Amino acid sequence: MNRVIIIGNLGRDPEVRVMANQDQTVVTNLAVATTKRGKDKEFTEWHRVSAFGKVAEIMRDYLTKGQKVMIEGELRTRDYMKDNVKTYSTEIICNNFEFLSPKGEASHAPAKQAAPAQSQAPAVTEDFEDDIPF
């Protein structure tokens with residue numbers, strides 16, 4: 001079973017692209033920070049999140065930097081060549097999410113709460129070779 005659930009804050013506004021396929025599938029990429037607090041330290045982990053189709057469209061319309069969200073999906077690792085070095089990237093392919101920020105908090109989007117969105121991600125993702133922006 002490949003399932004992951006995280007709760008964290010968006011590190012930037014959603015990045016939206018349209019795939020050059022027959023259906024013109026919308027793809028939304030997020031950077032989500034999760035924080036674990038210890039006795040003396042705080043550890044922040046950054047996660048790459050990708051969503052496709054209807055889930056991506058809802059994220060595009062309602063999420064903004066700073067909002068707290070719950071992301072549910074599966075881990076996917078892919079490799080690519082960068083400067084003649086094989087590089088690996090692990091991301092969460094989101095199939096469900098929930099808004100956790102109170103209405104109006106850390107948001108410039110409409111104060112509308114949508115029901116949890118669900119979608120099946122395509123089997124192949126577009127190859128994004130961008131660096132992690134944090």
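Q: Two strands count as a pair if DSSP finds at least two bridges between them, so how many bridges join β5 to β6?
A: There are 14 bridges between β5 and β6, and the two strands run antiparallel. This is a predicted model, by the way.

Q: Thanks! And what do β5 and β6 form, with how many residues between them?
A: They make a hairpin, with two residues between the strands. At the β6 end of one bridge sits Val 85, the partner of Lys 82.

Q: Which residue in that turn has a positive phi?
A: Asp 83 in the turn has a positive phi of about 55 degrees, although Asp 83 is not a glycine. Most residues other than glycine have a negative phi.

Q: What about Asn 84, what is its phi?
A: Asn 84 also has a positive phi, about 60 degrees, and is not a glycine either. Asn 84 is in the loop between β5 and β6, and Asp 83 has its place in that loop too.

Q: Is Asp 83 buried or exposed?
A: Asp 83 is exposed, because its relative accessibility is 70% and the cut-off for exposed is over 50%. Asn 84 counts as exposed too, at 75% relative accessibility.

Q: Let's step back a bit. What pattern does the protein chain follow along the sequence?
A: Read along the sequence, the pattern is β-β-β-β-α-β-β-β. That makes one helix and seven strands in the protein chain.

Q: How does β1 run relative to β5, and how many bridges join them?
A: β1 and β5 run antiparallel and are joined by six bridges. Two of the bridge partners can be named: Ile 5 is matched with Glu 72 in β5, and Asn 9 is matched with Lys 68 in β5.

Q: And β1 with β3, in which sense do they pair?
A: They pair in the antiparallel sense, over two bridges, with β3 covering residues 26-37. In β3, Val 32 is the bridge partner of Leu 10.

Q: Leu 10 rings a bell. What does Leu 63 touch?
A: Leaving out residues up to four places away in sequence, Leu 63 touches Leu 10, Pro 14, Leu 30, Ile 58, Val 69, Phe 97 and Phe 99.

Q: Where is Leu 63 found?
A: Leu 63 is in the loop between α1 (53-62) and β5 (68-82).

Q: OK, is Leu 63 buried or exposed?
A: Leu 63 is buried, because its relative accessible area is 2%, and buried means under 20%.

Q: How many residues apart in sequence are Leu 63 and Pro 14?
A: They are 49 residues apart in sequence, while their C-alpha atoms are 6.8 Å apart in space.

Q: Now Ile 58, where is that one found?
A: Ile 58 is in helix α1. With a relative accessible area of 14%, Ile 58 is buried. Its C-alpha lies 9.9 Å from that of Phe 97, with the two residues 39 apart along the chain.

Q: Zooming out to the chain, what share of contacts between residues at least 6 apart join residues at least 24 apart?
A: That share is 62% in the protein chain. As for burial, 40% of the 134 residues count as buried.

Q: And what area does the protein chain expose?
A: The protein chain exposes about 8,300 Å², and carbon and sulfur atoms supply 48% of that.

Q: Changing topic: how much space lies in the largest pocket?
A: About 190 Å³ lies in the largest pocket.

Q: Which residues lie nearest the centre of the largest pocket?
A: Trp 46, His 47, Arg 48, Thr 90 and Glu 91 lie nearest its centre, out of 15 residues that line the pocket.

Q: Where does the largest share of the lining come from?
A: It comes from β6, with six residues. At least two lining residues each come from β1 (4-10), β4 (42-52), β5 and β6 (85-99).

Q: Last one: into what kinds do the residues of the lining divide?
A: The lining of the largest pocket has eight nonpolar, four polar and three charged residues.

Methods
Residues numbered from 1 in each chain as written. Predicted model: local features only at pLDDT ≥ 70, side-chain atom pairs only at ≥ 80, totals over all residues. Heavy atoms only, no water. Helix = DSSP H or I, 4+ residues; strand = E, 2+ residues; numbered from the N terminus. Buried < 20%, exposed > 50% of the residue type's maximum accessible area, 1.4 Å probe, protein only. Contact = heavy atoms within 4.5 Å. 1 Å grid on protein atoms, 1.4 Å probe; cavity = no way out; pocket = protein on both sides within 12 Å on 5 of 7 lines; lining within 4 Å. Points joined across faces, edges and corners; volume = space filled by probe spheres on them. Nonpolar A, V, L, I, M, F, W, Y, C, P; charged D, E, K, R; others polar. Pairing = 2+ DSSP bridges. Areas by Shrake-Rupley, 256 points an atom, 1.4 Å probe, with all protein chains shown as cover.
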